[in-house]
Amino acid sequence: MRVSPVKTLSRRSLLRALGAGTGAAALAGCGVPAAYVGPGDRSAMDRSGSDKRLVFANWPLYIDTDDEDARRRPTLEEFEKSSGVSVKYTEEINDNDEFFGKISPALMNHQDTGRDLVVVSDWMCARYVHLGWVQEMDRSRQPNVARHLDPLLRKAPFDPGRRHAVPWQSGITGIAYNRRKLGREIRHTSELWKSDLRGRVTLLAGMDEAFSLLMQGNGADVTRWTADDFHTMTDQLRRLVRARHIRRFTGNDYIKDLSSGDVLACQAYSGDVIQLQADNPDIEFVVPEEGAELWAESLMIPNLARHKRNAEALVDHYYQPEVAAELAASVNYVCPVPAARDVLASAKDKESAELAENPLIFPSDDMRKRLATARDMTSRERPGFAKEWNGIVGL
């Protein structure tokens with residue numbers, strides 16, 4: 001197995017994490033009965049048996065490509081060859097809200113979206129699931145998912161049993177910092193607020209991306225966080241903003257700030273840091289002692305998809321450890337298939353074998369104990385919390 005060259009632009013570097021969730025919240029929280037689709041109205045006649053194809057919508061730079069021909073996607077080609085199913089793969093998702101707005105008219109009006117499989121962030125998956133806009137997968141057709149899905153990712157608060165949303169890739173929102181320039185270690189979130197980082201620290205602007213780590217830093221149990229936990233965190237941020245301690249709130253442009261040295265520490269995604277470390281070994285990523293958030297971006301089958309069984313087969317294909325390993329070696333996110341680690345460890349080339357020991361792809365046991373997934377923000381909570389958050393970050 002060969003590891004693809006490190007990309008200069010990661011998939012999450014395209015994510016515009018500003019005002020996250022506002023579009024979905026407006027619809028999900030407005031109480032429009034017509035928006036919800038009941039279980040009996042979600043499926044259409046499945047053409048998978050006679051029409052061996054499917055349409056798969058994903059984010060850019062979020063699948064393995066051939067080292068010599070970027071148009072080729074080896075793991076997808078493996079599926080096409082083994083299953084006889086032709087896959088139309090589109091890289092059309094650049095933002096959760098934007099894509100939600102693109103397909104919501106069809107879903108709301110009980111129409112086929114023209115897509116059989118989509119990948120969105122779990123906080124957005126929750127909106128689709130609560131609205132009844134995605135179909136339950138038949139796990140009897142997905143033995144690899146049942147066998148190999150990481151236990152840490154099996155319990156999604158919005159989707160018991162992971163029947164509607166199966167992780168494509170996962171990641172950690174933690175802290176990245178330049179150890180050499182800062183001159184000390186960071187092991188606790190509170191250490192971001194020390195005086196030597198005044199004006200040299202950034203946080204993520206997207207509420208859904210940022211709030212969990214910050215509440216964990218205050219000792220909150222994010223699996224059951226409360227309104228008081230949220231307000232304690234925002235009160236703290238207001239003080240830090242007034243004191244000009246926080247340089248700014250960012251999208252993925254924190255990568256540039258950290259690389260240039262303008263910023264010494266920042267809230268960051270694990271997948272981005274793997275790429276930064278390739279160019280600068282002084283960059284470190286830490287899961288604070290108080291914990292960090294483990295997130296996922298998941299595969300879902302929209303209502304009325306015409307090739308449901310084909311889509312279920314593709315999901316299961318990516319849960320074969322050998323296939324999951326090949327994908328992980330290319331995209332460098334936390335692999336949702338722990339068994340893929342043994343596949344990489346036994347690889348003949350050194351680079352692949354080293355990836356098996358990378359805790360940002362396969363978190364260590366100690367790190368796993370500190371990872372948690374925040375409970376869902378309800379449609380009632382979201383408008384008020386979003387208004388408060390956006391007032392602080394200037395959105």
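**Entry 1, ring pairs.** I began with the aromatic rings and noted that ring pairs link Y62, Y254, Y269, W295 and Y333 into a cluster. I keep in mind that I am reading a predicted model. When I looked through the whole structure, the search gave 16 aromatic pairs. One of these is formed by F56 and W168, which meet edge-to-face, with 5.6 Å from centre to centre and 80° between the planes. I then checked where the two residues sit, and found F56 in strand β1 (residues 53–57) and W168 in strand β4, 112 residues apart, so that this pair links distant parts of the chain. I also looked up their exposure, and both F56 and W168 are buried.

**Entry 2, a stacked pair.** I turned next to F100 and W133, whose rings are stacked, with 5.6 Å between the centres and 25° between the planes. Because F100 belongs to helix α3 (residues 96–108) while W133 is in the loop between α4 (122–131) and α5 (143–148), the pair ties together parts that are 33 residues apart in sequence. Both F100 and W133 are buried.

**Entry 3, a charge over a ring.** I looked at W225 as well, and found R375 lying over its face, at 3.8 Å from the ring centre.

**Entry 4, N178.** I went back to strand β4, which covers residues 166–178 and includes N178. Is N178 buried or exposed? I found a relative accessible area of 2%, and because this is under 20%, N178 counts as buried. A polar atom of the N178 side chain lies 3.2 Å from the backbone nitrogen of R180, and the side chain of N178 also reaches the backbone nitrogen of K181, at 3.0 Å. Leaving out residues up to four places away in sequence, I listed L258, L264, N280, D282 and I283 as the residues that N178 touches.

How values were computed:
Residues are numbered from 1 along each chain as its sequence is written. This is a predicted model: local features need pLDDT of at least 70, side-chain atom pairs count only at pLDDT 80 or more; totals for chains, interfaces and linings use all residues. Side-chain values use heavy atoms; hydrogens and water are left out. Buried means under 20% relative accessible area, exposed over 50%, partly exposed in between (1.4 Å probe, protein chains only). A polar contact is a pair of N or O atoms within 3.5 Å; within protein, one must be able to donate a hydrogen and the other to accept it, and residues adjacent in sequence count only if both atoms are side-chain atoms. Contact means heavy atoms within 4.5 Å. Rings of Phe, Tyr and Trp (its six-membered ring) pair if their centres lie within 6.5 Å; planes under 30 degrees apart count as stacked, over 60 as edge-to-face and the rest as tilted. A charge sits over a ring if NZ of Lys or CZ of Arg is within 6 Å of the ring centre and within 35 degrees of the ring normal.
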